[in-house]
Amino acid sequence: MDLLSILNLSYLVASILFIVGIKQLAHPKTATRGNLLGALGMLIAVVATLFDQAILTYDWILAGVLVGSLIGVILAIKIQMTAMPQLVAVLNGFGGIASVFVAGAALQLAIPAYATSVNYQEIVSIVFSAIVGGITFSGSFIAFGKLQGFITEKAVRYPGDQLVKILIGLTSVGLAVYGCLEPTDESIYWILSGVSLLLGVFLVIPIGGADMPVVISLLNSYSGIAASATGFVLNNNVLIISGSLVGASGIILTQIMCKAMNRSLTNVLFGGFGAVATEMKDDGDFYSGKVKSTSAEEVAMLLDVARSVVIVPGYGMAVAQAQHTVRDLYQLLTARGIDVTFAIHPVAGRMPGHMNVLLAEADIPYDRLKEMDEINSTFENVDVVIVNGANDVTNPLAKTDPKSPIAGMPILDVGNAKTVVVIKRSLSPGFAGVPNPLFIADNCLMLFGDGKKATQEMITALKES
């Protein structure tokens, strides 16, 4: 068997491992194994590629492996779960810019051959990598900036912003066509890459922070599509397959997120959704005299006589790093014979599956986690709902106010429960910037404070009761 056959066989094995790994990520019990299989597939693909005869020297490759591995280890140890969406955005961005540079290097090597004969499949893939990779890089870092607070989470709109995006988009298409017709002009490629970077900024900057979960999944798809296009440039089968897997799964996840937020994929692609959000100007007038505050001791009395409890985790719980304390509360209630479940909204947190990962990290049984569609019809039979740091995903305005920025978004119908306890630091609005009428409902009690501290106080009060 020659080297090329061994290389392709290795790529086939790696691709199979990727597919099986993704399949096993669908359930927490097999997710760890799925990650390991995916990592093994990548190791096989990388090692096989390093035996490619076209590699002239391994010095820079070894240096890159060492530096990248060191950065990866540091990030894995240091990054908190609350910052995971930002990390995903950064990784998406690096994947995009890697595609731009690899395709650019391939173009530089191919230019002498293009003087006599143009490989149009290759040049089309090259310019496509520049467009998608550039958009992915700059768009991902704008998303990172919004999530991290470096850039305002508000939707940045201005007169004629849609026209500006259209003009930049048409410019990139024009440059791409010219680049295919004149492939020996390398400068066109880098100009196209620069315009694509600009387009990425203008596509994501108008999107509000409330819609970042959808943006992250979409940019993840873009990074996969860019990688797949680069695979065609390099004639690398494993890159084509793995990029296609990421691109397809990202698009599917984006559609799921759009449905969960009542958005259309068209609006996502053109970066105009989430832009009509209006900031709540006066929380005090809306809530004044209508909010019923409570204490941990009062909540403990409610829980002491409850038969069923539902906990709704939100980003506030993640910020407070309260998942382990929430687990302790779950175990205490369960030990008393109380039926405890967790209601998970598809876009709770700042990225898809954020709450699931946090709760799994705290060793909360997966069968206790109920998706929105499954649990919504049961809230009317629930004695107590504890909302820990969630806001927009429980906001009734989504159903009652057609002018609200969250109008039509499916929500958790926690207001149907007998009693709702909301743990929150203050009455400040969520990402959508609108008030939450749930907080002044007759059956709602507000327990103000840090999600972790308030939960611990409830545990202490329960043990003393």
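This report describes the overall build, one long-range helix, the listed membrane spans and one internal cavity of a predicted model.

The protein holds 18 helices and 6 strands. Its radius of gyration is 25 Å, close to the 23 Å that the globule rule gives for 465 residues, so the protein is as compact as a globular protein of that length. Taken along the principal axes, the C-alpha atoms fill a box of roughly 85 × 55 × 35 Å.

Helix α4 covers residues 84–114, which makes 31 residues. From the first C-alpha of α4 to the last the reach is 44 Å, close to the 45 Å expected at 1.5 Å a residue. The helix α4 also has a kink of about 30 degrees at Gln 108, and the proline Pro 112 follows shortly after that point.

An unreviewed UniProt entry lists residues 6–22, 34–51, 57–77, 89–111, 123–143, 163–181 and 239–258 under "transmembrane region". Two of these spans are set out here.

| Span | Helix | Strand | Distance between end C-alpha atoms |
|---|---|---|---|
| Residues 163–181 | 100% | 0% | 27 Å |
| Residues 239–258 | 100% | 0% | 28 Å |

Rolling a probe the size of a water molecule over the atoms shows where empty space is left. In this model the count comes to 2 cavities of 30 Å³ or more. The second largest cavity contains about 50 Å³ of space. Which residues line the second largest cavity? They are Leu 107, Ile 123, Val 127, Gly 179, Pro 183, Asp 185, Ile 188, Tyr 189 and Leu 192. The elements that give two or more residues to this lining are α5 (120–148) and α7 (186–204). Helix α7 gives the most, with 3 residues. By class, the lining of the second largest cavity has 7 nonpolar residues, 1 polar residue and 1 charged residue.

Notes. Residues are numbered from 1 along each chain as its sequence is written. This is a predicted model: local features need pLDDT of at least 70, side-chain atom pairs count only at pLDDT 80 or more; totals for chains, interfaces and linings use all residues. Side-chain values use heavy atoms; hydrogens and water are left out. Helices (H or I, at least four residues) and strands (E, at least two) are DSSP runs, numbered from the N terminus. The expected span of a helix is 1.5 Å times one less than its number of residues. The bend at a residue is the angle between axes fitted to the seven residues ending there and the seven starting there. On a 1 Å grid over the protein atoms alone, a cavity is a set of points where a 1.4 Å probe fits but cannot get out, and a pocket is an open set with protein on both sides within 12 Å along at least five of seven lines; lining residues have an atom within 4 Å of a point. Grid points are joined across faces, edges and corners, and a volume is the space filled by probe spheres set on the points. Ala, Val, Leu, Ile, Met, Phe, Trp, Tyr, Cys and Pro count as nonpolar, Asp, Glu, Lys and Arg as charged, and the others, Gly among them, as polar. UniProt positions are given in the numbering used here, feature names are shortened, and annotations may be inferred rather than shown by experiment. The radius of gyration is taken over C-alpha atoms; the globule rule is 2.2 Å times the number of residues to the power 0.38.
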